[in-house]
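Subject: Structure for your attention

Dear colleague,

Please find the structure below, together with its sequence. My notes on what was found in it follow directly after.

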Amino acid sequence: MEVRLTPEILSLVDWNSPLDDPIRMQFITLKSSLLPDHPALTLDSLGEKDDSPVPGLVHRYPGRALFLATSICPVYCRYCTRAYMVGPATGSTQKLPQKPTRARWEIIFQHIEQHNDIHDIVVSGGDVYQLPPEHLRMIGERLLSIPHVRRFRIASKGLSVNPGRIIDPADAWGKTLIDLSNQGRKMGKQVCWHTHFNHPKEVTWIVKKAADHLFENGVTVRNQSVLQKGINDDFATMSTLLKALADINIQPYYVYQHDLTRSVEDLRTPLKDIMKLDKELRGTLSGFMMPSFVVDLPGGGGKRLAATYDSYDEATGVSEWSAPGLPGPKGQRMYSYFDPRPLPATVEELRQLREQQDLMHKYRSTRTEDFVKVEEGVEVKLREENFRASEGSLSYGFHATASA
Ligand code: SF4
């Protein structure tokens with residue numbers, strides 16, 4: 001992922017102590033903190049590309065669809081689950097961009113219009129905060145005009161990373177959202193904003209002013225956080241964040257277990273941690289301020305409460321899940337989530353794992369069939385080990401061999 005930041009985010013980093021700063025850690029990578037990826041990490045861990053009947057529309061669940069309006073964001077988060085499309089291509093990663101064009105959106109609108117089982121739309125990306133207000137209005141009014149669409153949500157990080165835009169009288173984005181919310185209310189439809197705060201430092205005085213403005217004008221705002229190691233995975237930080245959000249009338253909605261996204265192994269936490277946090281926080285907050293702690297199942301199984309796994313072996317870090325509410329084969333199969341690998345025991349082990357990972361990144365793939373390449377007469381073989389439990393033991397690692 002490229003690095004892209006707003007002045008707001010840059011100003012929140014404690015530059016006297018950037019190494020442990022929870023804002024810096026979310027956006028700016030340090031090679032020294034990177035850990036080798038778990039073999040199950042991929043660029044599109046939720047399998048969205050496989051559930052897209054037309055480019056830029058993920059239609060996976062009954063009744064709902066995800067409209068990817070653009071692939072640009074005001075910031076690029078290291079842990080983004082849509083790294084397969086968000087931001088420009090980098091030296092190691094090709095992207096599947098979703099250009100913000102009317103022609104592409106028209107195909108999406110037509111698909112929604114033709115499927116009257118779709119009642120609920122998430123408008124995301126990328127981030128529609130990067131669209132001009134007139135494009136936001138055009139998308140919103142078109143969705144409101146479709147009789148069977150009963151509600152839509154704008155999924156945007158804008159409120160946390162560039163809140164000034166909402167209260168700037170010269171900028172019509174906030175007013176457009178308010179207008180859409182009011183229009184929807186008159187039609188008996190809900191238009192709301194799902195935003196994304198991860199740490200209490202992000203709830204600044206400007207955020208408060210912007211959130212107050214939206215509240216005064218009747219816009220419903222909910223928050224989705226991602227649980228991240230060293231950033232918000234402790235009781236005090238998460239509790240402070242949830243209270244700070246509730247105080248400005250942003251409803252804590254979800255806290256996500258980290259997706260199996262590539263190159264952010266250092267930020268992942270084991271499943272047992274999210275369940276512990278859920279248990280500790282419950283009872284300390286009013287029920288309506290308590291978010292759902294969820295795992296978005298790899299491969300498109302959808303969001304499940306973290307404590308509702310079918311099996312979980314803390315020793316191996318493998319949890320298995322079913323999603324019986326999903327139609328067709330998705331409702332029949334099992335889904336696996338993998339905790340982060342144990343930290344390498346020695347510096348030498350870490351060095352070897354990093355060398356192997358560099359090879360994998362060089363070949364821009366984690367697919368097993370791509371692990372055999374020929375380079376300058378040397379055949380380089382990377383063999384993915386079976387990372388599932390095998391005869392009572394589990395191996396998380398890779399083997400790399402080179403032969404002339
Ligand atoms: S703002 Fe959202 S979509 Fe954009 S990079 Fe961050 S997590 Fe990904």
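Of the contacts in the chain between residues at least 6 apart in sequence, 74% join residues at least 24 apart. Please note that this is a predicted model. The chain contains 11 helices and 15 strands, and buried residues account for 40% of its 404 residues.

Regarding confidence, the mean pLDDT of the chain is 86, with 88% of the residues at 70 or more. Residues 364-404 call for caution: pLDDT stays under 50 throughout this stretch, for which the model has 59 contacts beyond four places in sequence.

Two helices were examined in detail.

Helix α3 covers residues 102-114, which is 13 residues. From its first C-alpha to its last it reaches 18 Å, close to the 18 Å expected at 1.5 Å a residue. Its buried residues include W105, I108 and I112. Viewed down the axis of α3, the buried residues fall within an arc of 60 degrees, so they line one face of the helix. They pack against β1 (57-58), β2 (64-68), β3 and α4. The other side of α3 carries the exposed residues A103, E106, Q110 and Q114.

Helix α8 is formed by the 12 residues 205-216. Its reach from first to last C-alpha is 16 Å, close to the 16 Å expected at 1.5 Å a residue. V207, A210, A211 and L214 are buried in α8. Because these buried residues fall within an arc of 95 degrees when seen down the axis of α8, they line one face of the helix. Among the elements that cover them are α5 (158-161), α6 (164-167), β6 (220-226) and β7 (250-256). W205 and E216 are exposed on the face of α8 turned away from its buried side. Just after α8, G218 adopts a positive phi of about 80 degrees.

Some further points concern the backbone.

G125 and G126 are joined by a cis peptide bond, with omega about 20 degrees. G126 belongs to the loop between β3 (120-124) and α4 (133-144). Both G125 and G126 also appear in the surroundings of the ligand, described below.

Two residues other than glycine have a positive phi. For N249, phi is near 60 degrees; this residue sits in the loop between α9 (235-247) and β7. For S263, which is not a glycine, phi is about 70 degrees, and its place is in the loop between β7 and α10 (271-281). Are these two residues buried or exposed? N249 has 15 C-beta neighbours inside 10 Å and therefore counts as partly exposed. S263 has 21 C-beta neighbours inside 10 Å, so it counts as buried.

Finally, the ligand.

The residues around the ligand are C73, V75, Y76, C77, C80, R82, V86, G125, G126, D127 and K157. This shell divides into 6 nonpolar, 2 polar and 3 charged residues. The cis peptide bond between G125 and G126 thus joins two members of the ligand's surroundings.

When you inspect the model, I would suggest viewing the ligand shell together with the loop between β3 and α4, in which G126 lies.

Yours sincerely,

A colleague

Note on methods. Residues numbered from 1 in each chain as written. Predicted model: local features only at pLDDT ≥ 70, side-chain atom pairs only at ≥ 80, totals over all residues. pLDDT = per-residue confidence, 0-100. Contact = placed C-beta atoms within 7 Å. Helix = DSSP H or I, 4+ residues; strand = E, 2+ residues; numbered from the N terminus. Expected span 1.5 Å × (residues − 1). Buried ≥ 20, exposed ≤ 12 C-beta atoms within 10 Å, placed from the backbone. Arc of directions from axis to C-beta. Near = placed C-beta within 6 Å. Nonpolar A, V, L, I, M, F, W, Y, C, P; charged D, E, K, R; others polar.
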